[in-house]
Structure formats: structure tokens, C-alpha cells
Amino acid sequence: MSFSLTTEGFVSWEFAPDFDAGHRAALSTGKSLVYVSPPTWWAAVPLFQELEPVAGAGVHSVIVVPEALGVSEGSSILRSVQSLTPIHAVTGLARTGRRLDQKVVTTLVTTPSDLVELLSRSSLNLGSVQRIVIGWPELLLELGLGEELDTILAESRTSQRLIITADETRISDFAERHARRAPTVSAARIQEAASVSLRYSVTDANSTSEAVRSVLDIINPGSTLILDPNPTASGRRSEYADDPTVHLYPEADTGPVDLALATDLPTAPALAMLAAAGNEVVVLLRGFQVPYLKASARRARSLRLPSAVDRARDRTSQLRDDIRQLIDQGRGRIEMLLLEPLFDEYDPATIAAALAAHSWAPEQPAVDSELQSWVRIRVNAGQRDRIRTADLVGALLNRVGVAKSQVGKVEVRDGHSVIEVRAEVAEMVRRELEGVVLRGKKVAARFDRR
């Protein structure tokens, strides 16, 4: 990593891990290597850029990552590395099996559970894979995936093993068993940035742009510096091209700013750069990255951004403003004549509420007449995916947030599962279950009309 001080007092920061001749020799000769970096994809990119392309058809590299890190997000970022392409994110086993049969994939990014399932289906032979990359095994072990890791590494005894970790002391036993005496590249160790006090907000990769706008609206800074360490995410530059108060690092001559904002987990030196640049520091990150951030800052407080509930409240407020505007414009006189007969039967407030519900209520799912109390939802994961009833109930109670009384019968079948929920929460449950990852499988949910 290199640093320089500009005339405006900024610390210029560049992430460039120090690969020496020994490290490069290990990579080129197929030996194991440990790479220490934050639990974020952008920081792992320099390691993959050091790898040489492998000739021939078929899978040469398999990258195993925890569910929380996001297979899709990782594969999207790693597509910038030419030696890995074509790269495939394992988000569906049937589609992955077809792609493997076609021999059009060079690199797989997958969770341990999905990789073990591919092995059990004979879709992939790890004995022919040149590299196995284990991403942040400390998180994999915390998720209880140690058995799956042992299976994967036993099936790939002759493969080169690259281990990416945020803290090598936490995986010393694992590294000794599976990458004995491997050299270590210290790209960015955890170190306390004692002078940094910041706020953070947890978001996902697809919501980053919206989260940036929310931060700017809440703090309302006179000037902002945005650091986006992700080398593939340059699209946000166009969003603020016409805003002279927003500067995207590494723009020059910006001077001190009110807010320094990182759109992904930064290293401790990058945090120091942000603290030197801005009066206030905010970091957007994933939930599993929070412990690393807190270990790198003197003080880290949560910054709450607007949620879906907040946006619903905003919508009701907007409805009231629209009605006030209609009244002020003298609108609704003809409608009053049409409604006058109802005033003898109902209170005017009740009529107004019914009209608002009729014109503005969100669409409800269609429910058969005999199922007005309970609705069945079909999930495309079952016994073949090692799904248990407890997995589904836990997702409903802990992730979706429904009450236990709103959950009915749960049936786990061979290739899918069926869940009964109360009709009033059915649409919310279907929507929130969509994309949830259960035992390494991203599930889809739809209403079961049978």
C-alpha cells in the first residue's frame, strides 16, 4: 500500500499488496498461499490478478465463499480479472450442471454446500481442478461448514490451495492442516485506527446507490467525498456529475469536506484517509463486515437509514398532502353529489377512508374462497437440498418477521416445500422469502393454488 500527502492535507491512498518474489514463485508453481485482507471482494482482487491464465477447457479454479459474502456479488466483481473468465456463479445447481457439461466455465464461485452437492451429482471432478480458493474460512467455520470444507479439500488433494482470511490467527489450525507452511501476503491486517470515529449503515450491493442518496439526505453535507473501493462499480459517478458538492475519490483539489463516505468496507489505512479528508465519516457495508469495521475504528455507531416501513409512512403522508391539494383546488364537488345519499347511512370520515382504501390500497394476492384464512406458499427447496422444517420456520420467524401464530403447516417434500401462513401476511411472506439462502440454496417462493 502506498500513501502520499497532497497540498490540501489529503492522505492519498492506494491498495497495492506487496507480493514479493517468494509469493509470486509460490503462485506460479502451484504451492499454497495465505492472503490476509478484509472480508470484502474488492480487497481480494489483487490476489486473483497475480494468477496466470490456465490453458485448456473445463474448470480450472473453484472459489468457495460463505453464504453471507454473496456468490453473485463476488462473481460480478471478479469478472474484471481476465485470468478467471469465463466465470460462473453457482446460484442454481441444474443450470450449473448444464454449463459444466458444456465445458464453457473456467472459474466457479460457490458456497461449500452447493459445491458438495455438485460433487455428489458427479457434475464436477475436483481432482482435475488446478486451484481451490477458500474465502474467509473463519466465517465458514462459524457457520458450521467445517465438514463440507474437509470434504472439498479431501477431494482436491493435488490442487493449489489459496486461503483468504481477515485474521490469520483465527485459522492457524485450519491453515496448518490444509496449507502447511504456506507463505503469507499481508494485504491488510486488522489494526486499530485510533483516531477514527465513524457511523455505519448495513446495506446490500444492489441498494448501495439508494443508501448513498439516503445518507446525503439525512446528513445534508455542504461537501462530500465518496470513496468506492470496488474497481468494477464506476456507475455512481454519473449520478453526481451535475452536483459540484459531491467528489468521487481520487478527484483532485477538493479540499476538506463535511462528509467522507465509503461505499464498501475500507481498510484501516483507508479509514485514516477518510478521517483526514472529512469532518464526518460514514461507511456502507454488509452485516458480517461490522465486527471487522469496529475492530478498525476507535468508535463506530450505527446510522439508521429509511426502511420500507418509513417509505410506507412517507406514502401515507403524500396521500394526505394530495387530498389537501385537491380540496384547496375546489375539486370533488361533483363527487359530493354522488356520495350525498351515503351520508345518511355512514359517517363522512368512514366514507372518506373507504374511498382512500379503494383507490390507493396495495394489491392483495388472489386467494381462493375456501382458503381465506390460510394461504399456501411453495418454496423450491426440499429434502434434496437438505432443508428441514426448522430451517423454514426459522426463516419465517427470524428473517421475514412473522409471528408464530401466523405460521401453519410446513411440509418438506423431496424437491420443494409448502408453507401455510395467514392470508393477511401471505404477500409479505412470499416477497421476503424470495432470494433467501437456505443451506446454500437461494430459494424462490410463489403461491400454491392447488
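These exercises walk through a predicted model, each with a worked solution.

Residues are numbered from 1 along each chain as its sequence is written, and side-chain values use heavy atoms, without hydrogens and water. Local features need pLDDT of at least 70, side-chain atom pairs count only at pLDDT 80 or more, and totals for chains, interfaces and linings use all residues.

**Exercise 1. The whole chain**

Find how many helices and strands the chain has, and what share of its residues is buried.

Solution. Start with the secondary structure: 17 helices and 21 strands. Helices (H or I, at least four residues) and strands (E, at least two) are DSSP runs, numbered from the N terminus. Next, burial: 46% of the 450 residues count as buried. Buried means under 20% relative accessible area, exposed over 50%, partly exposed in between (1.4 Å probe, protein chains only).

**Exercise 2. Two helices that cross**

Describe how helix α5 (residues 112-120) meets helix α7 (residues 146-155).

Solution. Take the axes, which are lines fitted to C-alpha atoms, for helices over the stretch in contact, with angles from 0 to 180 degrees between N-to-C directions. The axes of α5 and α7 come within 9 Å and cross at roughly 50°. That angle makes α5 oblique to α7. Under 35 degrees counts as roughly parallel, over 145 as roughly antiparallel, 65 to 115 as roughly perpendicular and the rest as oblique. Now list the contact (heavy atoms within 4.5 Å). α5 gives Pro112, Ser113, Leu115, Val116 and Leu119, while α7 gives Glu148, Ile152 and Glu155. Sort these residues: 5 are nonpolar, 1 is polar and 2 are charged. Ala, Val, Leu, Ile, Met, Phe, Trp, Tyr, Cys and Pro count as nonpolar, Asp, Glu, Lys and Arg as charged, and the others, Gly among them, as polar.

**Exercise 3. Serine 417**

Place serine 417 in its strand and decide whether serine 417 is buried or exposed.

Solution. The strand is β18 (residues 417-422). Serine 417 has 0% relative accessibility, so it counts as buried. Look past its neighbours within four places in sequence: its contacts include Ile377, Val379, Ala381 and Leu392. Then check the side chain. One of its polar atoms lies 2.7 Å from the backbone oxygen of alanine 381.

**Exercise 4. An enclosed helix**

Explain why helix α11 (residues 268-277) is described as largely enclosed by the rest of the structure.

Solution. Count the buried residues: 7 of 10, so α11 is largely enclosed. Name them: Ala268, Pro269, Ala270, Leu271, Met273, Leu274 and Ala277.

Definitions and conventions:
Polar contact = N/O pair within 3.5 Å; in protein donor to acceptor, adjacent residues only side chain to side chain.
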